[in-house]
Amino acid sequence: MELILWRHAEAVDTLPDATRRLSGRGERQAAQMAAWLKPRLPKQTRILASPATRCQQTVQALGLDFETSRLLSTDSSVADLIAASEWPTGGGAALIVGHQPTLGQLAALLLSGQEADWTVKKGAVWWFSNRVRDGETQTVLRACLGSDLVEN
């Protein structure tokens, strides 16, 4: 299975939190990462986004169908993200557009075996896959890329 974590792009600092919109810079970040991601996404990727406005705007930059999941809200847990994505047994690929600190905590769990407060930069993607080698299940980090490193 492939699991792609995409942190929402930069948003304006207003209240209420759930309705924060992308800043001009955030719109550019979302567009840059969407342009990089779209041709690389596996066919039939399940795309899931937080209901927060900034996540909805980020995922809309892809121009693909997506599902909104309350399991990806700002107060979600790592277990919620795993359940929403069906990692690692769901098969295929899942793209999650969500929030810190949960995305970083999930990345830490996948790579180190325990949750920790790792930071996923705004607009960045962390791409994982899992495989079985010699009877052992392994998680592989395939890509970790910030929108500032993507050229359009």
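Let me start with the rings: in this predicted model, the count of aromatic pairs comes to 3. One of them is formed by Trp36 and Trp127, an edge-to-face pair with 6.3 Å from centre to centre and 90 degrees between the planes. In sequence this pair links distant parts of the chain, since Trp36 belongs to helix α1, residues 24-37, while Trp127 belongs to strand β5, residues 125-133, and the two are 91 residues apart. Both Trp36 and Trp127 are buried.

The rings of Trp118 and Trp126 also have their centres 6.3 Å apart, but here the planes stand at 40 degrees, and because edge-to-face needs an angle over 60 degrees and stacked one under 30, this pair is classed as tilted. How exposed or buried are the two partners, Trp118 and Trp126? Trp118 counts as partly exposed, because its relative accessibility is 30%, whereas Trp126, at 11% relative accessibility, counts as buried. Trp118 and Trp126 also belong, together with Phe128, to one aromatic cluster.

Let me now turn to the charged side chains. Side chains of opposite charge can pair when their charged atoms come close, and a search of the whole structure finds 6 salt bridges.

I will take Arg142 and Glu2 to begin with, a salt bridge in which the closest N and O atoms are 2.6 Å apart. Arg142 sits in strand β6, residues 136-145, and Glu2 sits in strand β1, residues 2-7, so this salt bridge ties together parts that are 140 residues apart in sequence. Glu2 counts as buried, because its relative accessible area is 17% and the cut-off for buried is under 20%.

Another salt bridge joins Arg25 to Glu10, with 3.0 Å between the closest N and O atoms. Arg25 is in helix α1 and Glu10 is in the loop between β1 and α1, so the parts tied together here are 15 residues apart in sequence. As for Arg25, a relative accessibility of 44% is why this residue counts as partly exposed.

Then there is Asp148 with Lys121, whose closest N and O atoms are 3.2 Å apart. This pair, too, links distant parts of the chain, with Asp148 in the segment after β6 and Lys121 in the loop between α4, residues 102-112, and β5, at a separation of 27 residues. Lys121 is partly exposed, with a relative accessibility of 44%.

Which residues are linked in a network of salt bridges? They are Asp17, Arg20 and Arg54.

Key:
Residues numbered from 1 in each chain as written. Predicted model: local features only at pLDDT ≥ 70, side-chain atom pairs only at ≥ 80, totals over all residues. Heavy atoms only, no water. Phe/Tyr/Trp six-rings, centres within 6.5 Å; stacked < 30°, edge-to-face > 60°. Helix = DSSP H or I, 4+ residues; strand = E, 2+ residues; numbered from the N terminus. Buried < 20%, exposed > 50% of the residue type's maximum accessible area, 1.4 Å probe, protein only. Salt bridge = Lys/Arg side-chain N within 4 Å of Asp/Glu carboxyl O.
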